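Colleague: Please take a close look at the aromatic side chains here. Then follow the thread outward to the packing and the polar and charged pairs.

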Amino acid sequence: MKKIITIASAGAIAVVIGLIVFLQTPATEPVLEKTESKYVEVNLLLKQKLVEHQIKMSSPIKLSEPDDVEKYCSFFTSEEKQQLVQYCTSTELKDQNDVFLGNIHMVGTKDEPKIVLALIQTDNSTSQLDSVKSVFAIVSDNVVCDCWAQQKPGGLDSIGQWVDGLYQFHQGNVKPHSKSNPVFLDGKSIQLEITTNEAGYLWQFFIYS
């Protein structure tokens, strides 16, 4: 079984709905459609890179039926924007002790993902921040480009610096949700958000094509 963190918002994608337990699809899967190859390629690459940092990533759940997309991949309250989500994959992340960390969602057309969402649930301490930084850096390096250190988007030396800065800001924020200004890297928009919830903090990292 897999846990899928689902979220929704009116454009920025911010409010936590909760955790949904979703049964994994049977081991025997249909023949892969050619148009799905980009999702397969990116998910496989992320899985290979994450394991180098002792983070396990499951095989992706693939959702393309309208009812399934509506139920598990409703990331926009705007009907116009939600209609752009025709295909969705979701993977589960666990640390080296098999403790659930979060998910990586990819949504878009069947041809290619248009939005990549990495969601990490942490406790109230800073003990899991290294996992947050590792996941977000790996997603950025392999979905956008391995060029953050050279380009320094937003004047930030690293994603780790960005995570630390938003965490410090959030500690002084009276609201349960904080988000960064978007930064732009290799033609893509990237945003970082954090939401306080009952378990601690939900970290949200978005890449928009």
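Modeller: Seven aromatic pairs turn up when the whole structure is searched; a pair here is two rings of Phe, Tyr or Trp (its six-membered ring) with centres within 6.5 Å, called stacked when the planes are under 30 degrees apart, edge-to-face when over 60, and tilted otherwise. Phe-206 and Tyr-208 make a tilted pair, because their ring centres are 6.2 Å apart and their planes meet at 50°. This is a predicted model, so local features need pLDDT of at least 70 and side-chain atom pairs count only at pLDDT 80 or more, while totals for chains, interfaces and linings use all residues. Residues are numbered from 1 along each chain as its sequence is written, and side-chain values use heavy atoms, with hydrogens and water left out.

Phe-206 has a relative accessible area of 0% and is buried; Tyr-208, at 18%, also counts as buried. The cut-offs are under 20% for buried, over 50% for exposed and partly exposed in between, with a 1.4 Å probe and protein chains only.

Elsewhere, ring pairs join Phe-136, Trp-148, Trp-162 and Phe-205 into a cluster. Phe-136 and Phe-205 appear again in the largest nonpolar core, which has 40 residues; they are among the six that touch the most other members, along with Leu-46, Ile-104, Val-139 and Trp-203. Helix H4 contributes the most to this core, seven residues. A nonpolar core is a set of buried Ala, Val, Leu, Ile, Met, Phe, Trp, Tyr and Cys residues joined through side-chain atoms within 4.5 Å. In soluble globular proteins, nonpolar side chains tend to be buried together.

Leaving aside residues up to four places away in sequence, Leu-46 touches Met-57, Ile-104, Met-106, Ile-138, Val-139, Asn-142 and Val-143, a contact being heavy atoms within 4.5 Å. A second core, separate and of 16 residues, includes Val-69, Tyr-72, Phe-76 and Ile-115.

On the polar side, Thr-195 sits in strand E10 (residues 188–197) and is buried at 8% relative accessibility. Its side chain makes a polar contact of 2.8 Å with the side chain of Gln-204. A polar contact is a pair of N or O atoms within 3.5 Å; within protein, one must be able to donate a hydrogen and the other to accept it, and residues adjacent in sequence count only if both atoms are side-chain atoms.

Five salt bridges are found in the structure, each a side-chain nitrogen of Lys or Arg within 4 Å of a carboxyl oxygen of Asp or Glu. One of them joins Asp-164 to Lys-133, with the closest N and O atoms 2.9 Å apart. This pair links distant parts of the chain, 31 residues apart: Asp-164 is in helix H6 (residues 159–171) and Lys-133 in helix H4 (residues 129–143). Helices (H or I, at least four residues) and strands (E, at least two) are DSSP runs numbered from the N terminus. Asp-164 is partly exposed, at 28% relative accessibility. Another salt bridge, Lys-94 to Glu-92, has its closest N and O atoms 3.8 Å apart; Glu-92 is buried at 7%, whereas Lys-94 is partly exposed at 28%.

As for confidence, the average pLDDT is 83, and 83% of the residues score at least 70. Residues 8–34 fall below 50, though this stretch has 62 contacts in the model beyond near neighbours in sequence. pLDDT is the predictor's confidence in each residue, from 0 to 100. Where it is low, the predicted coordinates should not be read in detail.
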